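Here are my notes on the model you sent round, set out point by point. I hope they are handy when you have the coordinates open.

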Amino acid sequence: MPKRATKRGDERTPLDRDCDVLICGASFAGLAVARELAGSSADVLVVDRYEVGERQTSACGIPTAWLHALALHGSLQQTFAELVIHTAHTTVRYGLPWTFSTFDYRTLCGELADQGSFRFETATVDRRTGDTVHTDRGSIRAPLIVDALGWRRVLGAGANVQPPDALLSRGLEVHPFGSGRDMEIWIDRGYVPAGYGWSFPAAGEVRIGVGSFDPRFHVREPTERLARELGAERVRYQGNWIPHALRPATEDGVFFTGDSAGHCLPLTAEGIRTALYFGLACGRELRAVIDGRSRREHALTRYHAFSAAHARPFRWMLRAQRLIPQVAPRLLSASLRAMESKRFLDWAFGHYLEIAHPRFAAAAGAALAGLPAGAVAAPAMA
Ligand SMILES: Cc1cc2nc3c(=O)[nH]c(=O)nc-3n(C[C@H](O)[C@H](O)[C@H](O)COP(=O)(O)OP(=O)(O)OC[C@H]3O[C@@H](n4cnc5c(N)ncnc54)[C@H](O)[C@@H]3O)c2cc1C
C-alpha cells in the first residue's frame, strides 16, 4: 500500500523536495504509470489534489477484459453483453463481441495504487519551470515528470487552451441509487444537438448523463431531463470537460498521458482504457530509463512516437463524431438498424477494441522497452 499523506489545515506542511520520477495526477493514467515502476530503484512521488480514489471522474464503464488484464476485478460492479441504443425513431440492441463493465472508482484506484510502490502527497499543482513543479505546498524537482492531470494539461509549455475554444466535449451525470439491466445510449437531438446521453447501471446506483461534443452547449438541463424521464433522482452530480483530439504526448521534456494528451477517444468519449493503456506505455519507457536501458531523451522520443502512431483511429473517430450529428434522424435510425448483424458488430467492435487492446496490459514491460523507435505498430482502423 503506498504511503498516503493527505494534509489539511495546519497539517498542510510545506513540500519541498527532489525525487527521481514525479507523477502529477493519481487517477487512471497516473496510477498506470506508477504501476510500471513498481519494484524499481527509483524514488517515485505521486501528487494529486485529492486522496487516491476520492473524486470519481467518470461513469466508470470499461471493456471488462481491461479489468481482468490489470487484476482490477475487485472493483467490477456490473457486466453488459449488449449495448442498447435509442434514437428518436428506434431502439436497437447490439450484441457485443466482448463485454463492457461498470466499476467502483475508489476500489479500482486503490487496487491500481496497491500495484505500485510510491510515495503519495496531496498537493495542487500550479505550474512548472524546467524540471521544477510548483504546487500549493512547495516545489518538487525531478528529472522525469509526468502530467496525468487531465484535460487542463497544467504542465504544458505556453498558454493553456481553455474551453470553449479547445477541442473539448463536456459531460455531466447524476448518480442516483437504483438498478438496471442494460447499458443504454441515447443518440437523440432532443437531448443534445451533437453528442449522446447514457445510463450505466452499477450495482446499486445508475450513472445517467449527457455529453456534448460542442463545448458551448450546456448539459445540465438535458441530464436532469433524461434522469427525470427514467424516474431517477437528480443527485450526486459529476461532470468535466473531455478532450476529443490527440495532443503531443511529450513537450519540453514532460510526459503527458491520459486526458492531458487527448487520449480520450472521440465519438464515444471512452477515456479510461486509453488512459490506462498510454499510462502503461509511458511507465514502461520511464522504467527503461530507471533500469539504465534507455535515456530520458530516447524515452521521450519513443513515447511521443507511440502516441502519435495512434493518430489514424483517433482521426477516424473524430470524423464520425462530426458526421453523425449531420445525418438526418430517420436515416441515422435506419443505419443503426442495418448495423445490427452479428458479423458487422464483431468487425466494428473488434476494431474499436484494437485501438487500446487489453493484451497490452499483459505485455508487461516488453511492449515498448527494447524495441527500436518506430517499431510500435499503430492499431488498424478500417
Ligand atoms: C461525465 C463523464 C463520464 C465519463 N464516463 C466515462 C466512461 O464511462 N468510460 C470511459 O472510458 N470514460 C469516461 N469518461 C472520460 C474519462 O473520465 C476520462 O477520459 C478519464 O478520466 C481520463 O483519465 P486521466 O487519468 O487522464 O484523468 P482524470 O481521471 O481526469 O484524472 C486527473 C487527476 O488529476 C488530478 N488533478 C487535476 N488537476 C490537478 C491539479 N492542478 N493538481 C493536482 N491534481 C490535479 C485530479 O484530482 C485527478 O485525480 C467520462 C467523462 C465524463 C466527464
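1. Let me begin with strands β9 (residues 132-135) and β10 (residues 138-141), which are joined by 4 bridges and run antiparallel in this predicted model. If you want a place to look, valine 133 has isoleucine 140 of β10 standing opposite. Both strands belong to an open sheet of 4 strands, ordered β1-β10-β9-β8, in which the pairing is mixed. At its edges are β1 (17-18) and β8 (125-129), each of which pairs on one side only.

2. Next, please have a look at β12 (residues 168-174). This strand is largely enclosed by the rest of the structure, because 7 of its 7 residues are buried. Its two faces are both covered: one side carries Leu168, Arg170, Leu172 and Val174, the other Ser169, Gly171 and Glu173, and all of these are buried.

3. The partners of β12 are worth tracing too. With β16 (residues 237-243) β12 forms 7 bridges in the antiparallel sense, and there leucine 172 faces glycine 239. With β15 (residues 205-212) the pairing is again antiparallel, over 5 bridges; here arginine 170 of β12 is opposite serine 212.

4. From β15 one can walk on to β14, since these two strands pair antiparallel over 8 bridges. Phenylalanine 200 has arginine 207 in β15 as its bridge partner. The two strands make a hairpin with 2 residues between them, and alanine 203 in the turn has a positive phi of about 40 degrees, so do check that residue when you look at the backbone.

5. How many residues of β14 (residues 195-202) are buried? The count is 8 of 8, and the strand is mostly covered. Gly195, Gly197, Ser199 and Pro201 point one way, while Tyr196, Trp198, Phe200 and Ala202 point the other, and all are buried. β14 also pairs antiparallel with β13 (residues 183-186) through 3 bridges, where tryptophan 186 stands opposite glycine 197.

6. Now for the ligand. Its surroundings comprise 39 residues, the closest being Ser27, Ser58, Gly150, Gly258 and Gly271. Which strand gives the most to this shell? That is β16, with 4 residues. At least two residues each come from α1 (28-36), β4 (61-63), β12, β16 and α5 (272-290). Sorted by class, the shell holds 17 nonpolar, 15 polar and 7 charged residues.

7. Some remarks on the chain as a whole. It contains 10 helices and 18 strands. A compact globule of 382 residues would have a radius of gyration near 21 Å, so the 20 Å of this chain agrees with that expectation. Along the principal axes, the C-alpha atoms fill a box of roughly 60 × 50 × 40 Å. Buried residues account for 46% of the 382. Of the contacts between residues at least 6 apart in sequence, 74% join residues at least 24 apart.

8. Finally, a word on confidence. The mean pLDDT is 92, and 91% of the residues reach 70 or more. Two stretches should be read with that score in mind. Residues 1-5 stay under 50, and the model gives them 15 contacts beyond four places in sequence. Residues 365-382 are also below 50, with 39 contacts in the model beyond near neighbours in sequence.

Note on methods
Residues numbered from 1 in each chain as written. Predicted model: local features only at pLDDT ≥ 70, side-chain atom pairs only at ≥ 80, totals over all residues. Buried ≥ 20, exposed ≤ 12 C-beta atoms within 10 Å, placed from the backbone. Pairing = 2+ DSSP bridges. Near = placed C-beta within 6 Å. Nonpolar A, V, L, I, M, F, W, Y, C, P; charged D, E, K, R; others polar. Rg over C-alpha atoms; globule rule 2.2 N^0.38 Å. Contact = placed C-beta atoms within 7 Å. pLDDT = per-residue confidence, 0-100.
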